[in-house]
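Q: Please take a close look at one part of this model, the open sheet with mixed pairing. Put it in the context of the rest of the chain.

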Amino acid sequence: MRSNSRKKFCFCVYKIVLYAILVSAVFCGCSKGKKPTSDGATSSNKSNIQNAATEAEPVALEQVLLKNRGIPFDQSDYKKFIGGENIINEYTEFDCYLDHSYSKAINDIVVSDGKLYQANFNSALANGKNIQEIGVLPGKDILYWHLTYDGEMGSIYFKNGSAYKISGPPFTITPLDKTKYRLFNKVYRYAADGKTLEDHTEEYLSTDKIYDFGIPMMAFTGNKVSLLFSGKYLDKGTPEWNWYRDMGQREYIAFDLDLSTIGNETPVRLFNKNILMTNCAFYEIVYASKPLDDNDNEVQLAPDGSVSPYYPTATHPNCNLTLRKITLLSNYYSDVRNISTGYVITDDYTMLPIAEIITDGYGKYTKYDPCGFCWE
């Protein structure tokens, strides 16, 4: 992960230049090192000084966007995220229910280093900053969390097996009965025949991280990313049409996200609903083919052409997802501190509109949607 790369980089400062280059090539040929600052944060190893002398050759993501808009580097109009020091880092998680670039009246729910915050990218909160603490969580090693967009209710699960109910305002947290409120009751995968389900629950109970931004949920386990959909079974009592009913509470069917595009890179985390960060680059998760309607007969067929006894089907043609590299964001990988639905937050806490960065694959009348997948 990038935090490990930074430690390696700091160690290499005391070595000769050639040795530093060799170490960098071994661990991640495409990542950019970062150096610690006085407040414990990080900054790019390329200069972020913005002045007329550097205007011809942008050396930072912000400068690229300014040049695209014809604005001198020393006249940047991008705002800073105030109060993010020692809070916002690459593992801080923002909720992804709304595009906060235009949802000005609703605050963003944020989880960082065992604490719960609210944030607003458009105006200062009661403390005069863009982010404000609202509660302390009973741990830092979070497996899963889910709150409503207003932060009034939700749940959080830790890797040690403990789970809690969250409610507010004011912020309160109470333990959940783990036997009654398991994160997963069952997680299945299709067997080789594409019609039989196999129980893989234990695999997902020991996963590294689970993101719940709607359907599907995404689970990160080592070098694998899984898509989890609520499982359904065929009601054979409806002969005139194929009617699928819910299997049960917290029962899912899992599919692998195709990661062939990233090669030997390692998946690190998910931003928004559709940005995969690896140890070297950023990728947008998109539909590889036009998604079909759930009621289309084609999406209800098993591989042998018969009606699938479960849904989603083994071939899942209405959610055929792939990855598309976000070139500009990847080129300035070490400039990125975090990503929210509306903004890329840089190392110096500048808020860059994500709509100005993710433009590849979009036409005149469409733009990047942080809360869904686009169709290539």
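A: The mixed sheet comes first, then a loop residue, another sheet and the chain as a whole.

This is a predicted model. The sheet in question is open and has six strands. Their order is E12-E11-E18-E15-E14-E13, and the pairing is mixed. Strand E12, residues 197-199, stands at one edge, and strand E13, residues 209-211, stands at the other. Each of these two has a single partner strand, so one side of each is left without a neighbour in the sheet. From one strand to the next, the twist averages 35°.

Inside the order, E18 and E15 stand side by side. Strand E15 covers residues 224-230, and strand E18 covers residues 251-256. The two pair in the antiparallel sense, over five bridges. One residue pair can be picked out here: Phe229 has Ile253 in E18 as its bridge partner. As a general point, strands of a sheet pair through backbone hydrogen bonds, either parallel or antiparallel.

Next, a loop residue. Asp304 lies in the loop between strand E21 (282-287) and strand E22 (310-311). Is Asp304 buried or exposed? Asp304 counts as exposed because its relative accessibility is 52%, and the cut-off for exposed is over 50%. The side chain of Asp304 makes a polar contact of 2.6 Å with the side chain of Ser306. Asp304 and Gly194 are 110 residues apart along the chain, yet their C-alpha atoms are separated by 8.1 Å.

Another open sheet offers a point of reference. Four strands form it, in the order E7-E8-E9-E10, and the pairing is antiparallel. Its edge strands are E7 (142-147) and E10 (172-175), each pairing on one side only. Neighbouring strands in this sheet are turned by 20° against each other on average, direction ignored. Strand E9, residues 163-167, runs antiparallel to E10, and four bridges join the two. Ile166 stands opposite Ile173 in E10.

Now the whole chain. The secondary structure comes to five helices and 26 strands. The chain has 376 residues, and buried residues make up 48% of them. Take the contacts between residues at least 6 apart in sequence: 55% of these join residues at least 24 apart. The accessible surface comes to about 18300 Å², and carbon and sulfur atoms account for 53% of that surface.

Back to the part you asked about. The six-strand sheet is open, with E12 and E13 at its edges and the E15 and E18 pair joined in the antiparallel sense.

Methods:
Residues numbered from 1 in each chain as written. Predicted model: local features only at pLDDT ≥ 70, side-chain atom pairs only at ≥ 80, totals over all residues. Heavy atoms only, no water. Pairing = 2+ DSSP bridges. Axes fitted to C-alpha atoms, helices over the stretch in contact; angles between N-to-C directions. Buried < 20%, exposed > 50% of the residue type's maximum accessible area, 1.4 Å probe, protein only. Polar contact = N/O pair within 3.5 Å; in protein donor to acceptor, adjacent residues only side chain to side chain. Contact = heavy atoms within 4.5 Å. Areas by Shrake-Rupley, 256 points an atom, 1.4 Å probe, with all protein chains shown as cover.
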